[in-house]
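Here are a few notes to read alongside the model. I have kept them to side chains and rings, and you may like to have the viewer open as you go.

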Amino acid sequence: MVRKPRTDGFYSVYIRIVHNRKPGYIKTDKIVDAAHITSNGELTDPVVNEYCAMLIRQYTDRLNRTDASLWSVKEVVEYLMKTDEEVCFSDYATQHIDRMIRSGHERNAKNYRLAVNHLERYLGTNRIMFGHLTSAVLKRWIESLSQTNRAKEMYPTCIRQIFKAAITELNDDEKCINRIKFNPWLKISIPKSDSTMKRAISAEACREFFNRPLPKSKMISPVPELGRDVALLSLCIGGINTVDLYELKKKDYNNGIIGYKRAKTRHSRKDEAYMEMRIEPFIQDTFNKYLSKDEDDEYLFVFHSRYRDYDSFNANVNIGIRKICQDMGMAKEDYYCFYTFRHTWATIAQNDCDANLYEVAFGLNHSHGLNVTRGYVKIDFSPAWRLNAKIIDFIFFSDKKSKQGKARDLEAPADKMFRITKKMMIYGRAYFKGKVVSELTDIGFGTVDDVIAALAKKLPKSIPTGSTVQFRLTNCDSEREAVYERSKGKGF
């Protein structure tokens with residue numbers, strides 16, 4: 001049937017549906033002129049009639065295969081229009097990413113966009129259809145990412161999440177609407193990203209980095225100076241991230257204390273990842289150096305007026321840090337980055353300032369499994385301030401050597417299994433040929449080697465040189481246990 005004429009005098013052709021005495025209309029892509037319409041409204045164009053008859057047969061067949069008795073006519077129309085329509089993955093991904101941005105997840109949205117862009121480059125088109133993404137195609141794409149450190153896990157995970165959202169939104173099992181015909185991810189295993197590279201450095205390395213003369217530059221605001229200063233701000237403000245420094249506003253700084261919501265996790269935590277850190281006297285001059293003097297500027301620092309966005313600011317900070325490392329004669333693979341100093345804060349706190357992992361996590365604004373509780377409690381952040389002050393004193397106001405030398409990252413497997421501080425109660429046993437030959441329960445051990453040395457002093461002298469002894473250590477506070485082997489004459 002036709003309805004009203006268009007402005008050019010032609011009529012758009014519709015298929016009318018009546019369901020439970022209510023009419024609905026599906027617009028086709030066909031048009032007719034007035035000469036092919038009879039006085040009672042029937043169409044006489046044979047091509048249009050043949051096409052519409054074919055559509056009506058298809059629609060009738062689909063409706064006969066489902067129970068639409070309780071549907072509204074609008075639901076019937078939606079069902080008939082969507083069921084046979086091939087869906088464009090690229091278009092849906094763009095909509096999904098736009099929704100993420102509107103809901104405040106800009107940083108995650110960038111990762112999703114990078115993943116979609118990489119998949120489109122791999123397939124050579126920016127019009128990927130869901131039907132193209134079979135398990136075989138996706139496996140080959142994931143294989144192409146095998147040489148990357150993080151993308152091989154992050155990109156497929158992002159694409160899988162878009163797929164999951166699309167299936168939930170576009171398919172309706174109750175109405176037998178399956179616009180996405182299959183889920184290829186049921187047959188795919190996403191590889192794990194490589195372990196985090198060692199980023200933390202020792203207090204000695206920090207002193208050398210921050211006390212070294214900057215490389216000469218003709219620039220008014222050279223990037224090495226920016227890199228050093230922002231790294232120092234992070235190290236002395238509880239390992240704060242560049243994005244959080246960039247986004248700080250004047251209203252966030254009161255009475256020498258900054259209060260902010262960590263950008264990375266504020267949308268996923270009940271307490272919105274809120275944190276307060278005190279600005280210590282040591283860092284005050286560097287902090288003041290970058291304060292915005294413009295009364296009309298809502299932001300605390302001048303970074304917004306100098307850099308287009310957070311990514312540009314972060315890139316310049318890292319370029320500056322790398323230039324200092326280059327001037328120090330470091331090998332390229334050993335260059336520091338901004339995150340080096342956040343990891344260093346955590347490592348020195350635990351290894352050199354006797355903080356336990358809970359205190360380190362609190363200072364770094366990690367939820368450490370208590371994100372629900374943090375949403376209930378009015379938090380006193382002063383313990384984190386005191387720990388931060390201890391770290392500054394250890395690095396910049398002492399010449400003590402770090403216990404770890406060039407520290408291992410907190411995520412290194414051995415550390416992840418077993419860590420101790422002097423405050424923790426340790427139960428240790430030494431075994432030789434399956435028999436306990438030495439035993440102790442005490443506090444005051446700073447490292448595993450300290451415990452092993454204490455146990456070794458109690459070993460029988462009859463154990464032959466070169467023999468292997470097993471040392472079984474239990475952290476009574478964390479209830480974690482680890483076993484180490486040492487050879488007499490080498491390990492003890």
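1. Let us begin with Arg3, which lies over the face of Tyr14, at 5.3 Å from the ring centre. Arg3 also lies over the face of Tyr25, and here the distance to the ring centre is 3.9 Å. Please keep in mind, for this point and those below, that the model is predicted.

2. Staying with rings, a search of the whole structure finds 25 aromatic pairs. One of them is formed by Phe362 and Phe381, which are stacked, with 6.0 Å from centre to centre and 10° between the planes. Which parts of the chain does this pair tie together? Phe362 belongs to helix H14 (residues 357–363), while Phe381 sits in the loop between helix H15 (371–376) and helix H16 (382–396), so the pair links parts that are 19 residues apart in sequence.

3. Are these two rings buried or exposed? Phe362 has a relative accessibility of 10% and counts as buried. Phe381 is buried too, with a relative accessible area of 5%. The cut-off behind both calls is a relative accessible area under 20%.

4. A further pair worth a look is Phe471 with Phe492, which is edge-to-face: the centres are 5.8 Å apart and the planes make an angle of 80°. Phe471 is in strand S9 (residues 468–475) and Phe492 is in the segment after strand S10 (480–487), so this pair ties together parts that are 21 residues apart in sequence. Phe471 is buried, at 0% relative accessibility, whereas Phe492 is partly exposed, with a relative accessible area of 26%.

5. You may also want to display one aromatic cluster as a group. The cluster is made up of Tyr246, Tyr253, Phe287, Tyr290, Phe301, Phe303, Tyr307 and Phe313.

6. My last point concerns Arg207, in helix H7 (residues 203–210). What is the nearest side chain of opposite charge to Arg207, and how far away is it? It is Glu204, at 4.6 Å, and Arg207 is buried yet has no salt bridge. The cut-off needed here is 4 Å, from a side-chain nitrogen of Lys or Arg to a carboxyl oxygen of Asp or Glu.

7. What, then, does Arg207 touch? Leaving aside residues up to four places away in sequence, Arg207 touches Phe394, Ile395, Ser398, Asp399 and Lys400. With Ser398 there is a polar approach as well: a polar atom of the Arg207 side chain lies 3.3 Å from the backbone oxygen of Ser398.

Notes:
Residues are numbered from 1 along each chain as its sequence is written. This is a predicted model: local features need pLDDT of at least 70, side-chain atom pairs count only at pLDDT 80 or more; totals for chains, interfaces and linings use all residues. Side-chain values use heavy atoms; hydrogens and water are left out. Helices (H or I, at least four residues) and strands (E, at least two) are DSSP runs, numbered from the N terminus. Buried means under 20% relative accessible area, exposed over 50%, partly exposed in between (1.4 Å probe, protein chains only). Lys and Arg count as positive and Asp and Glu as negative; His and the chain ends are not counted. A polar contact is a pair of N or O atoms within 3.5 Å; within protein, one must be able to donate a hydrogen and the other to accept it, and residues adjacent in sequence count only if both atoms are side-chain atoms. Contact means heavy atoms within 4.5 Å. Rings of Phe, Tyr and Trp (its six-membered ring) pair if their centres lie within 6.5 Å; planes under 30 degrees apart count as stacked, over 60 as edge-to-face and the rest as tilted. A charge sits over a ring if NZ of Lys or CZ of Arg is within 6 Å of the ring centre and within 35 degrees of the ring normal.
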